[in-house]
Every structure is written in C-alpha cells, then in structure tokens.
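Student: Could we go through this model together? I'd like to start with what packs against what.

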Amino acid sequence: MSQESSAGDGTSAPASHTEISKHLNETDLALVNALQINPRAPWSLIGRTLGIGATTAVRRWQRLVDAGSAWMSAYPGGDLARRLGLAFAQIVCAPGKQLEVAQAIAADAHVPTVDYVAGNYDLLAHVVTPGLTEVSDYVVHRLSRVPGVVHARILVSPKVFSEGSRWQVRAISPEQRKTLRARASRPTPGTAFTELDRALLLALGENGRAACSELATRLGVSASTVRRHVDALLAAGSVRLRCEIARGQSPAQVTALLSLRVPPDQLETTARWFGLLPEVRMCAAVSGSANLFVTAWLPSASDVVSLESGLVTKLPRLEIIDRALVLRPVKLMGHLLDASGRSTGRVPLDFWSPILPRVPA
C-alpha cells in the first residue's frame with residue numbers, strides 16, 4: 001500500500017495511526033458512507049457525488065486504509081451464506097485470560113468476529129463453517145482446547161434477518177445516496193459457487209476495490225472472466241462487500257448485544273421491524289431460551305437504556321433475556337483490531353478450509 005496520503009492542502013504526508021484524528025471529519029465520513037452504499041463504484045462517480053474529485057477520493061481512502069481507520073470486508077451472502085453453518089459462542093474464560101483467548105481464536109479462519117464483552121460471559125465469537133456438523137467439530141476439536149476457556153455456550157443461528165452491510169454512518173444526503181445506488185448491483189438469481197468464485201471472494205477480502213485486471217493477474221485467468229464472475233457474485237448477493245470504520249472514530253462507538261424472546265409466530269415480523277432500525281447492526285434467529293439475537297451500534301452507553309425502553313414499549317410481548325456491552329472489539333469480519341478498533345491485520349475468511357485440531361505443545 002502507498003504510504004503517501006493527501007494532507008488536504010494539495011501536499012502529501014505519510015499515513016500513520018497517529019495522524020488521523022479521534023473522529024473522522026465530514027469528508028472522510030462521507031467517503032466511507034459512499035463506499036458503504038456502493039463499494040466498487042468508480043472513483044470518478046464517488047468524487048463527483050461528494051464534490052471532491054476522483055484523485056482526492058483515492059488519496060483520502062488510501063490514507064484511511066493505511067491508518068487502519070477504514071477498510072473493506074468481503075464475505076458470503078445470500079443463498080451461499082444460508083448453506084453455511086453459523087453459531088454464536090458465548091465464552092467464559094479463566095480470570096485474566098480473556099484477551100489471550102480472544103487473540104487465539106481470532107487467528108482462526110472460521111471465526112470472523114470476536115468481541116470482549118461485559119455481561120454473563122466474557123467473549124462473543126461468531127463461528128462460520130461449511131455446515132452444522134463442522135460447527136460441532138470446531139467447538140469440540142478447537143475451541144474447547146484453547147487454554148483459558150472454561151465454558152462455551154453455543155447458540156446456533158438458523159436464519160440471519162439482517163447483517164452489517166446494511167449499517168451506514170449516514171453522512172451523505174438522500175440525493176447522494178440515490179446517485180450511488182443507481183450504479184449499484186441489483187440482486188439476480190445465483191449460480192453454482194466454483195473454486196474460482198472462492199478464490200475471488202478471498203482476493204476481494206484483501207482488497208474489495210481491486211481492479212479486474214489485478215485480480216486476473218493474481219488468479220491466472222482473463223480479465224473478462226474475472227469481470228463476469230465478480231459481477232455475477234455481487235449481483236446475486238453471493239459475495240457481499242462491506243466498508244467498515246474503526247469504532248473509536250465512528251459516530252456510534254458502543255455495541256449492545258441483546259438476547260430477546262418473542263412468540264414464535266411473531267419472530268419474522270419482529271425481525272423485519274428490527275431491520276428498519278438504523279442502529280441495528282445484526283438481527284438473527286438463535287437456539288436457546290432466547291430466540292432472537294440483536295446487535296446495535298449506539299453513540300453512548302446511556303443510549304442502551306433508551307433502546308431497551310423503546311423496545312418493550314413498542315413490542316409488549318418481547319422479553320429481554322440477556323444483554324451485554326462490548327468492552328473491546330478484537331476482530332471484525334476477518335480484520336484484527338487494536339484497542340481503539342483500528343485494523344492491524346487480516347485473517348482470510350475461508351470458511352471452507354479444514355478444521356484441524358491445534359493442541360498447544
């Protein structure tokens with residue numbers, strides 16, 4: 001990656017984790033928002049929409065990436081994701097071992113996200129495998145053998161109603177969003193997922209805006225083949241691209257994890273209602289005493305109280321079974337994070353890779 005970035009006055013300055021302010025400025029937030037709406041939009045369109053010019057948009061984005069303040073994630077979606085096994089592991093650790101355990105499992109390709117939380121458990125890990133049998137394999141042969149793990153409660157998720165690609169910083173106008181969406185892919189029926197598609201998913205996870213010519217050179221196929229496959233994957237929703245922002249620099253810095261119970265005949269309706277709330281990051285059906293798991297990103301811890309109050313007022317048959325707050329995000333959709341939530345590295349999200357026991361020497 002380039003180590004040069006725009007300083008905002010036509011000069012260049014080296015990018016570092018210290019030169020980006022605690023909160024991103026309005027232009028940078030607008031750039032992140034534009035890429036959340038249309039992650040592979042041409043820089044010319046992004047620059048024109050934001051009124052900053054394509055070259056400036058490229059430089060600002062590279063500066064954010066180099067500083068770990070923003071990045072792209074690529075992961076399975078649509079029918080492809082529905083064929084995978086998904087579970088949430090609520091992990092209790094030995095005293096003082098929370099971050100050691102978090103960092104150990106964060107190195108695993110089958111764990112896209114890890115949070116250190118305050119609640120009835122210490123860590124929340126998302127586990128994604130080719131199927132439910134492999135979820136069991138991961139828990140038995142890997143997670144249970146990690147030093148410091150005392151207990152893990154596994155919640156299987158049979159259906160995800162909404163996930164992080166819908167969340168936005170909301171820093172641009174409705175007209176700008178409309179302009180960017182006009183060029184975004186429209187959902188189409190999916191096709192068979194091939195080994196080339198798997199390789200493209202992993203390559204896009206490294207650089208979601210990589211040119212088709214660059215991907216073609218890397219994978220040893222023609223640029224036209226890459227373009228056809230990438231367009232098909234994105235249009236079908238089989239691969240989703242997501243522009244993320246470091247939590248410490250985000251307008252919403254607090255993550256609330258809510259385990260809810262609603263009558264089974266109201267589950268789908270309630271989940272769709274949650275999908276309309278801008279602060280809701282994820283909503284998924286789960287096994288256990290709670291049947292709905294919701295993740296919300298909020299400006300402050302006090303907003304959790306208002307959120308819960310509003311939920312029980314508007315949904316009187318909803319019960320809040322458990323709640324937790326994230327103290328520190330350790331990994332987010334494959335990206336390893338520092339204490340401020342900035343990206344420091346990446347673990348490829350190859351959910352189809354073998355689950356091998358790794359016992360400490």
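Tutor: Before we start on packing, contact here means heavy atoms within 4.5 Å, and please keep in mind that this is a predicted model.

Student: OK, so what covers the buried residues of H1?

Tutor: The elements in contact with the buried residues of H1 include helix H2 (43–50), H3, E3, helix H7 (174–181) and E9.

Student: And how many of the residues of H1 are buried?

Tutor: H1 is mostly covered, with 10 of its 12 residues buried; among them are Leu29, Leu31, Val32, Leu35 and Ile37, together with the polar residues Asp28, Asn33 and Gln36.

Student: What span should H1 have, at 1.5 Å a residue?

Tutor: The 12 residues of H1 should span 16 Å at that rise, and the end C-alpha atoms of H1 are 16 Å apart, which agrees. At the start of H1, a side-chain oxygen of Asn25 comes to within 3.1 Å of the backbone nitrogen of Thr27.

Student: You listed Asp28 as buried; which side chain does Asp28 meet in a salt bridge?

Tutor: Asp28 meets the side chain of Arg60, at 2.9 Å from N to O. Asp28 belongs to helix H1 (residues 26–37) and Arg60 to helix H3 (residues 54–66), so the pair ties together parts that are 32 residues apart in sequence. Both Asp28 and Arg60 are buried.

Student: What about the salt bridge between Asp350 and Arg198, what does that tie together?

Tutor: That salt bridge is 2.9 Å from N to O. Asp350 sits in the segment after strand E15 (343–346) and Arg198 in helix H8 (residues 195–206), so parts that are 152 residues apart in sequence are tied together. Asp350 counts as buried because its relative accessibility is 14%, under the 20% limit.

Student: Is Glu319 buried or partly exposed?

Tutor: Glu319 counts as partly exposed, at 39% relative accessibility. Glu319 forms a salt bridge with Arg261, with the closest N and O atoms 3.2 Å apart. Since Glu319 lies in strand E13 (residues 319–332) and Arg261 in strand E10 (residues 254–261), the pair ties together parts that are 58 residues apart in sequence. Arg261 is also partly exposed, with a relative accessible area of 32%.

Student: Switching to strands, how many residues of E3 are buried?

Tutor: Seven of the seven residues of strand E3 (residues 70–76) are buried, so E3 is largely enclosed by the rest of the structure. E3 pairs with strand E9 (residues 239–245) in the antiparallel sense, over seven bridges.

Student: And what stands opposite Trp71?

Tutor: Opposite Trp71 is Glu244, in E9.

Notes:
Residues are numbered from 1 along each chain as its sequence is written. This is a predicted model: local features need pLDDT of at least 70, side-chain atom pairs count only at pLDDT 80 or more; totals for chains, interfaces and linings use all residues. Side-chain values use heavy atoms; hydrogens and water are left out. Buried means under 20% relative accessible area, exposed over 50%, partly exposed in between (1.4 Å probe, protein chains only). Helices (H or I, at least four residues) and strands (E, at least two) are DSSP runs, numbered from the N terminus. Two strands pair if DSSP finds at least two bridges between them. A salt bridge is a side-chain nitrogen of Lys or Arg within 4 Å of a carboxyl oxygen of Asp or Glu. The expected span of a helix is 1.5 Å times one less than its number of residues. A polar contact is a pair of N or O atoms within 3.5 Å; within protein, one must be able to donate a hydrogen and the other to accept it, and residues adjacent in sequence count only if both atoms are side-chain atoms.
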